Amino acid sequence: MFSDSELIKRIHRGESDQVEFTESAKDLDKIRKVICAFANDLPGHNTPGVIFVGLRDDKSCAGLSIDDAILKNLSGLRGDGKILPSPIIEVAKKNLQNCEIAVIQVEPSKNTPIRAGNRCYIRVGPTCNQAAAEEEKHLTEKRDWQNLPYDMNGVADTSIEDHLDMEKFRRDYLPSAVTPEVLQENKRSTNEQMRALRLITPESKPTVTAILMLGNDVRYWFPGAYIQFVRYDGTEVTDPVMDQKEIDGTLAEQLKELDSILKANISTALDTSGETHAQLPDYPYEALRELVRNAVIHRDYQGCYTPIRVYWYADKITIVSPGGLYGVSRKNFGRGYTGYRNPTIAEAMKNMGFMQRFGMGLATVERTLKENGNKQASFDIQENFVSATVERRP
């Protein structure tokens with residue numbers, strides 16, 4: 001975060017393409033648009049933009065009381081899934097010139113274009129505008145391809161025509177990632193659309209994300225990118241196998257098939273102890289779903305031939321994800337901190353409706369297990385894998 005003296009200098013200069021004043025913390029949609037515009041950094045300043053929450057347009061103090069709830073809401077904008085890919089922001093409470101202010105500092109992104117609500121915004125002087133087609137094209141071209149995560153790398157020896165299901169892209173993915181109004185206005189080529197959505201490289205090679213989400217033969221290129229489901233008639237891996245499946249296809253197809261398998265295997269008992277009878281499953285479906293989706297999004301796809309494993313025993317379920325922790329530590333794991341090994345896969349999963357917001361998966365697991373009467377999930381965190389175990393409800 002900038003020093004107090006630097007922040008005061010920026011206040012004195014007034015609103016600009018790097019400074020925004022807003023007197024209320026309630027208009028989160030407006031703040032999201034500004035964060036998006038600062039992260040896109042169309043002018044190429046390569047320095048952070050700053051939003052001052054609690055200042056009027058004339059630089060006067062709005063008298064806003066900055067409490068923990070406001071700071072939490074503002075910090076949550078990074079991971080609520082409405083700005084994609086997730087921007088890097090820092091939020092702090094400041095007292096500047098005898099005025100209580102919340103400061104949001106937004107780092108310029110190397111992975112542009114950034115979108116808020118599936119629309120791309122840029123800063124033009126002191127205002128936020130929706131980017132025109134040429135402006136968004138410029139943001140795509142200025143993306144720093146040399147410093148991007150593995151899931152944005154091109155896959156050698158692949159092509160759009162031969163290895164991607166383009167009908168699926170046009171029918172399912174594109175409408176979920178970009179608003180119909182923007183699609184109608186821009187009239188861009190398919191290649192330009194895919195490049196803007198981080199699905200092909202400047203050389204028109206499908207990225208890792210494109211193959212995993214839209215590929216015709218995912219396992220040919222990523223042999224370990226599937227889910228192994230095994231149900232045992234007992235409590236150990238040495239017990240007889242009741243059912244087993246290898247679930248492959250695109251990541252979306254895998255999750256949809258596994259969702260059906262989870263629902264089919266959950267048993268429900270009738271609780272007659274109270275005044276009303278209640279249906280009680282041995283496992284809450286929502287908790288299992290979140291654990292599996294976390295495994296799919298966070299697993300290591302780079303040179304890894306190991307599948308995600310879902311082992312269903314008589315007394316517990318264990319879900320094993322290849323790859324250790326990334327961007328978080330054992331200390332803050334499961335406490336709302338989120339680090340994405342595969343940010344573009346996470347973006348794609350959000351666009352396809354498999355995630356509501358980032359960083360809330362384990363909180364959902366904890367809540368639903370408690371409500372259903374299960375013990376809390378236990379985690380085994382190792383260098384090369386993370387496993388989650390959920391015990392059957394008594």
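Trainee: What makes helix H12 mostly covered?

Mentor: In this predicted model, 10 of the 14 residues of H12 are buried, where buried means under 20% relative accessible area, exposed over 50% and partly exposed in between (1.4 Å probe, protein chains only). The buried ones include Leu 288, Val 292 and Val 296, and also Arg 289, Glu 290 and Arg 293. A word on the ground rules: as this is a predicted model, local features need pLDDT of at least 70 and side-chain atom pairs count only at pLDDT 80 or more, while totals for chains, interfaces and linings use all residues. Residues are numbered from 1 along each chain as its sequence is written, and side-chain values use heavy atoms, without hydrogens and water.

Trainee: How do you know that the span of H12 is close to the expected one?

Mentor: The helix (a DSSP run of H or I, at least four residues; strands are runs of E, at least two) covers residues 285-298 and reaches 20 Å from its first C-alpha to its last. The expected span, 1.5 Å times one less than the number of residues, is 20 Å for these 14 residues.

Trainee: Why is H11 called roughly antiparallel to H12?

Mentor: Their packing angle is about 155°, with axes 11 Å apart. Roughly antiparallel means over 145 degrees between N-to-C directions, so H11 and H12 earn the name.

Trainee: Which residues make that contact, and how do they divide by class?

Mentor: With contact taken as heavy atoms within 4.5 Å, H11 brings Leu 251, Leu 255, Leu 258, Asp 259, Leu 262 and Lys 263, and H12 brings Tyr 285, Leu 288, Arg 289, Val 292, Arg 293 and Val 296. By class there are eight nonpolar, no polar and four charged residues. Asp, Glu, Lys and Arg count as charged; Ala, Val, Leu, Ile, Met, Phe, Trp, Tyr, Cys and Pro as nonpolar; the others as polar.

Trainee: Now the loops. Why is Asn 46 called exposed, and why is Asn 118 called partly exposed?

Mentor: Asn 46 has a relative accessible area of 61%, over the 50% limit, so Asn 46 is exposed. Asn 118 has 23%, between the two limits, so Asn 118 is partly exposed. Asn 46 lies between helix H2 and strand S2, and Asn 118 between S6 and strand S7.

Trainee: What is the phi of each?

Mentor: Phi is near 60° for Asn 46 and near 65° for Asn 118, a positive value in a residue other than glycine in each case.

Notes. Axes fitted to C-alpha atoms, helices over the stretch in contact; angles between N-to-C directions. Parallel < 35°, antiparallel > 145°, perpendicular 65-115°, else oblique.
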